[in-house]
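Dear colleague,

Please find the structure below, handed over for your records. My notes on what was found in it follow directly after.

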Amino acid sequence: MIFDNLLSRLDRVKPTGPNQWVACCPAHGSKGQKLSISEGDDGRILLKCWSHNCHPTEIVGSVGLTMPDLFPENIRYSNQKPLPKGQRFMPRTILTALYQEIMIVQICADTILKMGSLNPNAIKRLTVASQRILNAIEEVTYD
Ligand SMILES: [Zn+2]
């Protein structure tokens with residue numbers, strides 16, 4: 001999964017709870033386990049460097065990953081129950097989904113600015129984002 005991909009690249013990884021770890025922050029190269037790694041409500045990886053407050057972009061960049069690698073292929077909406085078949089989504093659900101896909105686009109744009117290119121996974125995720133934005137339009141189309 002996306003966690004394995006990141007954790008396998010970090011030093012002195014230690015679990016601290018369900019989907020929570022500490023490790024050495026690769027961005028500033030100290031030996032202390034000052035980087036906390038956890039799972040956000042939507043399944044993305046959250047990073048916090050308690051020592052130097054390194055930016056997540058620097059942290060993932062220093063282990064050869066990019067920000068889109070922190071996002072799951074299928075972002076989960078954990079606080080929503082599945083709707084009965086044929087029932088439409090709540091408008092807020094659709095707007096929230098749109099916002100998250102727009103964030104992916106924003107992160108990819110930032111990555112291109114900083115790194116000059118996107119890795120194939122990020123490009124794939126961008127394609128998923130544009131498909132989901134299209135799907136959102138279809139959700140609000142009149143019958
Ligand atoms: Zn750091």
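Please bear in mind that this is a predicted model.

I begin with the overall layout. The chain has 4 helices and 4 strands. Read from the N terminus, these elements follow the order α-β-β-β-β-α-α-α. The chain comprises 143 residues, and 20% of them count as buried. As to contacts between residues at least 6 apart in sequence, 52% link residues that are at least 24 apart.

Two residues deserve a separate note on account of their backbone angles. As background, most residues other than glycine have a negative phi.

The first note concerns Arg-12, which belongs to the loop between α1 (2-7) and β1 (14-17). Its phi is near 55°, a positive value in a residue that is not glycine. Is Arg-12 buried or exposed? Arg-12 has 12 other C-beta atoms within 10 Å, and a residue with 12 or fewer is classed as exposed; Arg-12 is therefore exposed.

The second note concerns Asn-53, located in the loop that runs between β4 (45-49) and α2 (56-61). Asn-53 is likewise not a glycine, yet it shows a positive phi of about 50°. Asn-53 counts as exposed because it has 11 C-beta neighbours inside 10 Å, where the limit for that class is 12 or fewer.

In summary, Arg-12 and Asn-53 each combine a positive phi with a place in a loop and an exposed setting.

Yours sincerely

Terms used:
Residues numbered from 1 in each chain as written. Predicted model: local features only at pLDDT ≥ 70, side-chain atom pairs only at ≥ 80, totals over all residues. Helix = DSSP H or I, 4+ residues; strand = E, 2+ residues; numbered from the N terminus. Contact = placed C-beta atoms within 7 Å.
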